[in-house]
Amino acid sequence: MKKPNKRWTIRLGAMALSAVLLGTVGALATGGDQGDPLITLSYLNQTAIPQIVKQVEEKTAARQKELEQTFTNQINQYKRQGGQTTPSGGSASYELVSMTNGQVMSLGVGCEILPRIGTITVKANTTPALIDLSTGGTVNSGAALTKNHLYMATIADRTLTASGDVKLLVRGSYSVA
C-alpha cells in the first residue's frame with residue numbers, strides 16, 4: 001500500500017482552513033442588514049436610546065398639553081355653572097342657608113338638610129316626607145326636624161317652613177321663597 005503524499009495532505013488542510021475562514025467572514029458580513037441588524041453598544045448609546053427618549057418626551061409633552069386643555073375646559077365649565085357641580089343646580093358641598101320666619105324652602109330629590117339653629121317643619125303630600133339619615137328612620141309631614149340630624153329628600157315636592165330665624169346646612173338642589 002502506498003503512503004499518501006505529504007504535500008497533498010498539506011494542500012487539503014490549507015483548503016479546508018480557507019473554506020472555514022471564508023464561511024466565517026461571509027457570516028459576519030451578512031449579519032448586519034436591515035432585516036437582522038448587528039448592533040453595537042456605541043450605536044445603542046449614541047443613536048438608538050437618544051431617539052427613543054426623544055420620541056417618549058414628545059409624546060409625553062403632547063399628552064400633558066392635552067390633559068391641561070381638558071382640565072382648563074372643566075374648570076371653565078365649572079365657573080360657567082356658578083361653581084355648581086350637580087346637574088340639578090345644587091352644590092357638591094354643604095352650604096349654610098339662613099331663613100327667617102315664614103320662609104319656605106323647596107327641596108329637590110337627593111337634597112340633604114342639617115338643621116343647626118331654630119325650628120323648621122316639613123310638609124309633603126306623601127309619606128314619608130324625609131329620611132332621617134342620622135337614625136335611619138323617617139319623618140312624616142308636619143313634624144319638626146331635630147337639630148344636628150341629617151335628612152334627605154328622596155321624593156320631589158318636599159318643603160320646609162321656618163319658625164323664627166333658622167340656619168341649616170344644605171347640599172343639593174333647593175330654592176327659598
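Glu66 and Arg63 are 3 residues apart in helix α2, so about one helical turn separates them. The two side chains form a salt bridge in this predicted model, with 2.7 Å between the closest N and O atoms. Both partners are partly exposed: Glu66 has a relative accessible area of 46%, and Arg63 stands at 42%.

## Overall organisation

The protein contains 2 helices and 8 strands. Along the sequence, these elements follow the pattern α-α-β-β-β-β-β-β-β-β. Of the 177 residues in the protein, 20% are buried. The accessible surface amounts to about 12,700 Å², and carbon and sulfur atoms account for 58% of this area. Contacts between residues at least 6 apart in sequence can be divided by their span: 70% of them join residues at least 24 apart.

## Salt bridges

The structure holds 2 salt bridges. Side chains of opposite charge can pair when their charged atoms come close. Apart from the bridge between Glu66 and Arg63, Glu112 forms a salt bridge with Arg171, where the closest N and O atoms are 2.8 Å apart. This pair connects distant parts of the chain, since Glu112 belongs to strand β3 (residues 112-123) and Arg171 to strand β7 (residues 158-171), with their positions 59 residues apart in sequence. Glu112 counts as buried because its relative accessibility of 10% is under the 20% limit. Arg171, at 28% relative accessibility, counts as partly exposed.

## Strand pairing around β3

Strand β3 pairs with β7 in the antiparallel sense over 10 bridges. Within this pairing, Val122 stands opposite Leu160 of β7. Strand β3 is also joined to strand β6 (residues 151-152) by 2 bridges, and these strands likewise run antiparallel. Here Ile113 faces Tyr151 in β6. The salt bridge between Glu112 and Arg171 also links β3 with β7.

## The largest nonpolar core

The largest nonpolar core comprises 20 residues, of which Met99, Met105, Leu107, Leu130, Leu145, Leu160 and Leu168 touch the most other members. Two or more residues of this core come from each of β1 (95-99), β2 (104-107), β3 and β7. Strand β7 supplies the largest share, 5 residues. Leu160, which stands opposite Val122 in the pairing of β3 with β7, is one of the core residues that touch the most other members.

The surroundings of Met105 can be described in detail. Leaving aside residues up to four places away in sequence, Met105 touches Val97, Met99, Arg158, Thr159, Leu160, Leu168, Val170, Tyr174, Ser175 and Val176. Among these contacts are Met99, Leu160 and Leu168, which are also listed with Met105 among the core members that touch the most others.

## A nonpolar surface patch

Nonpolar residues also form a patch on the surface. Its members are Ile39, Leu41, Tyr43, Leu44, Ile49 and Val53, and together they have about 530 Å² of accessible area. Ile39 is placed in the loop between α1 (6-30) and α2 (41-80). With 45% relative accessibility, Ile39 counts as partly exposed.

## Backbone features in loops

Most residues other than glycine have a negative phi, and most peptide bonds are trans. Three loop positions can be set against this background. The peptide bond from Thr127 to Pro128 is cis, with omega near -5°. Pro128 lies in the loop between β3 and β4 (130-132).

Two further positions are residues other than glycine with a positive phi: Asn148, at about 65°, and Asp157, near 65°. Asn148 is found in the loop between β5 (137-139) and β6, while Asp157 occupies the loop between β6 and β7. Asn148 is partly exposed, whereas Asp157 is exposed because its relative accessible area of 63% is over the 50% limit.

The relative accessibilities of the individual residues discussed above are collected here.

| Residue | Relative accessibility | Class |
|---|---|---|
| Ile39 | 45% | partly exposed |
| Arg63 | 42% | partly exposed |
| Glu66 | 46% | partly exposed |
| Glu112 | 10% | buried |
| Asn148 | 46% | partly exposed |
| Asp157 | 63% | exposed |
| Arg171 | 28% | partly exposed |

Terms used:
Residues numbered from 1 in each chain as written. Predicted model: local features only at pLDDT ≥ 70, side-chain atom pairs only at ≥ 80, totals over all residues. Heavy atoms only, no water. Patch = residues over 30% accessible without salt bridge, like charges linked within 9 Å, V, L, I, M, F, W, Y side chains within 5 Å. Areas by Shrake-Rupley, 256 points an atom, 1.4 Å probe, with all protein chains shown as cover. Salt bridge = Lys/Arg side-chain N within 4 Å of Asp/Glu carboxyl O. Helix = DSSP H or I, 4+ residues; strand = E, 2+ residues; numbered from the N terminus. Buried < 20%, exposed > 50% of the residue type's maximum accessible area, 1.4 Å probe, protein only. Pairing = 2+ DSSP bridges. Core = buried A, V, L, I, M, F, W, Y, C linked by side-chain atoms within 4.5 Å. Contact = heavy atoms within 4.5 Å.
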